[in-house]
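Reader: I'm trying to learn how to read a protein model. Could you walk me through this one?
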Amino acid sequence: MKKNTPSPPQAANRSTCRQGYLSIVLHAHLPYVRHPEHESFFEENWLFEAITECYVPLIGMLDRLLNDRVTFRLTLSISPTLIAMLSDELLQSRYLDYLQRRVQLAEQEIVRTRKQPKYRELARLYRRFFLHTLTVYRERYRCDLLAAFKKHHAAGNLELITTAATHGFLPLLNVSETAVRNQINIGIDVFKNTFGFAPPGFWLPECGYYPGLENALKAAGPHYFFVDSHGITDASHRPQQGVYAPLDCGNGVAAFGRDPASSRQVWSAQEGYPGDADYREYYSDIGFELDLDYIAPFILDGETRINTGIKYHRVSGGNQSKAIYRPKRALAKALQHAHHFIEQRQRQIDALCTEMDRTPMIVAPYDAELFGHWWFEGPCWLENVIRLADNNANGIRLISCSDYLVQQPSLKIATPSASSWGHEGYSSYWINESNDWIYPLVHKAGAEMEKLASDLQGLKVDALQERALNQAVRSVLLAQASDWPFIMKSGTTTDYARKRMTDHLARFNYLHDCIRKNRINERYLTALEIMDAIFPNVDFRNYGP
Amino acid sequence: MLMISEEVSREFAPKISGGKPELVLLPVDPWHLHAYWTLDQNPIDANQEKKAEPEQPLILRLYHEIVEPADEQQADAWFDVVVGGLQGQQKIELPASSFGAPRVSAVIGKAVSGQAFTVYARSKIIPVPRSCGGEKSYLDHQNASRGLPCSHKHVSGQGKETRS
């Protein structure tokens, strides 16, 4: 095993260092989508598609890099809702069914495309892809992907961190310190119970930060978090190092800022790599393209078209009709883009070294689901970037934020400014005309839960009451998820988001009512516990003020 | 299970019911806040009758901290926005004089008898996001990297898809 702690780059020799750190951070999150009350449920496909296209390929990449003894550090934030879903037996079982259906569809496609050799070649590729995923998931990892991530953490290549319990957007929950504290603490508890150690860092949902949040983080334990670029550049004291050195928020918790250039190259709709004409087109899917009679067994209720994961076309260009996807060419482009990314970082480091008094740190955070799901070749690009960064000829060292804080214990002190990485850079995506109605309701439920916990402080409750109280906390937490206002604004599955929001609030109202009246119906309570089977160790007493 | 879920959703649907009067401010961006409020009808009616004056509009009065002492002479320490309804919410555009104020608070009430202002609910003090705008550091110039075009930014939840 190679030692993964990066060797210290040259000390702050302004004109000659030419060495810098690069921290790639992937944030893996999906809302809690699990519906045992239905035989199958469309939105559970969000998880299944992410496992197939993102998480299993990511683990495959980690396995190959480990086998090849590549020296690297990657950071992965796994949300508590995703942890809960990945370890859920019902969803694991449903995922196996999903994969088998994909294999079946790919086999059917091989037959259908028998007179179209290029399409048939792709259909065979999809069959191999789904079968390989099935083997890896079921045989190699025995349906436990969290164990795979844990293995790579133990190998020293992966820094694992987490985020708020249900990914609540903390700047808009801050009307109650209790709400923020529980989002943070419950998230960390889930992580500790899963991985057996405390997360060294914390991913603020949507990078949503407000001054003072660092105190809640300090109390909970993590040593660092991330903000968007303007969170650092608009800090209380303008940092001379820009986003290329973290700030100490004044209490020992460090804030790392996102590097805009690294983000733009990957995220931007215009300039970003994923929009290249050779890459696979996400929006071209046979679920929407083939005859309804043919595709009916593989779509929703046999009549509503959905993505199947089988896509035959590439992005192409301009107004051209979509050309057929050519995998080898796409993978070659991913390698070319990885070279470009590394060259750009090297140029950045060269420029920064002439001005900075310390080794520059470039932080490049991305949604994990970009890699593989939205950008099919993303995992290949990432693997190439990591392999290229391991080349000693360049001055880039992959590092985690924990490693950096060990190397550079002395940081400038300043308070970041309130910010997020969302549209317009603040809170407006999560509070606007499409979703502002939720906040009085969510805050009210939180306040009532707080009052309930406060009123019962020091009093003995029986087992049934305790279950109802804990379930009430789960309902409040699930209603606080940032995903529901996000979807309402994005205009995608808005009916579902509204229903989830109102269902969780209704479940809270029901539980609150029956607890107050001391008339708890165990059958109803059990049903709610089965439907929202998350956070098994939650304790309502912690929701007190 | 499905029946229980549907029954609970139907019978316990969330609604804002009258409780104690409250006014909540939420930060949106350096130029906007969001306010929501719930007021009690009785004191408003009583006040109206007592004063025997034509009905006055509800006013949201926002107070902002003065950043520079020199500004105190020039800047109003508050500004008013006319709002409506015992329960309501509204996006509030901050006036230029309050840009950069680190914190704001608000009251909701009615102006009566000239300068007097009857308060029905008070908010907590909240921090406002700061924007330094204009200035750029040498790092920004060198890398042409100060901030993404916001319309191109993405956020979490990219696994969520459209149904159609």
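Author: Let me begin with a term we will need: a salt bridge is a side-chain nitrogen of Lys or Arg within 4 Å of a carboxyl oxygen of Asp or Glu. In this model, which is predicted, A:Arg140 forms such a bridge with A:Asp63, and their closest N and O atoms are 3.5 Å apart.

Reader: OK, and which parts does that pair tie together?
Author: A:Arg140 lies in helix α4 of chain A, residues 117–140, while A:Asp63 lies in helix α1 of chain A, so the bridge ties together parts that are 77 residues apart in sequence.

Reader: Is A:Asp63 buried or exposed?
Author: A:Asp63 counts as buried, since its relative accessibility is 8%, and helix α1(A) around it is mostly covered, with 20 of its 23 residues buried.

Reader: What does α1(A) look like, and where does it bend?
Author: The helix covers residues 45–67 of chain A and reaches 31 Å from its first C-alpha to its last, close to the 33 Å expected at 1.5 Å a residue. At A:Ile51 the helix bends by about 45 degrees, and after α1(A) comes A:Arg69, which has a positive phi, near 55 degrees.

Reader: Back to the bridges, how many salt bridges are there over all chains?
Author: The count comes to 35 over all chains. One of them joins A:Asp503 to A:Lys499, with the closest N and O atoms 2.9 Å apart.

Reader: And how are A:Asp503 and A:Lys499 placed in their helix?
Author: They are four residues apart in helix α18 of chain A, residues 494–516, which means that about one helical turn separates them. A:Asp503 is buried, at 8% relative accessibility, whereas A:Lys499 is partly exposed, at 44%.

Reader: Which residues do salt bridges with shared partners join into one network?
Author: That network is made of A:Asp276, A:Asp278, A:Arg314, A:Arg329 and A:Lys333.

Reader: New topic: how many disulfides does a search of the whole structure find?
Author: The search finds zero disulfides over all chains. A:Cys54, for example, is in no disulfide, and the nearest cysteine sulfur to it belongs to A:Cys380, 15 Å away.

Reader: Why is there no bond for A:Cys380?
Author: Its closest cysteine sulfur, in A:Cys54, is 15 Å away, and that is too far for a bond, because a disulfide needs the two sulfur atoms within 2.5 Å. As for their surroundings, A:Cys54 is buried, with a relative accessible area of 2%, while A:Cys380 is partly exposed, at 24%.

Technical notes:
Residues are numbered from 1 along each chain as its sequence is written. Chains are lettered from A and ligands numbered from 1 in the order in which they are written. This is a predicted model: local features need pLDDT of at least 70, side-chain atom pairs count only at pLDDT 80 or more; totals for chains, interfaces and linings use all residues. Side-chain values use heavy atoms; hydrogens and water are left out. Buried means under 20% relative accessible area, exposed over 50%, partly exposed in between (1.4 Å probe, protein chains only). Helices (H or I, at least four residues) and strands (E, at least two) are DSSP runs, numbered from the N terminus. The expected span of a helix is 1.5 Å times one less than its number of residues. The bend at a residue is the angle between axes fitted to the seven residues ending there and the seven starting there.
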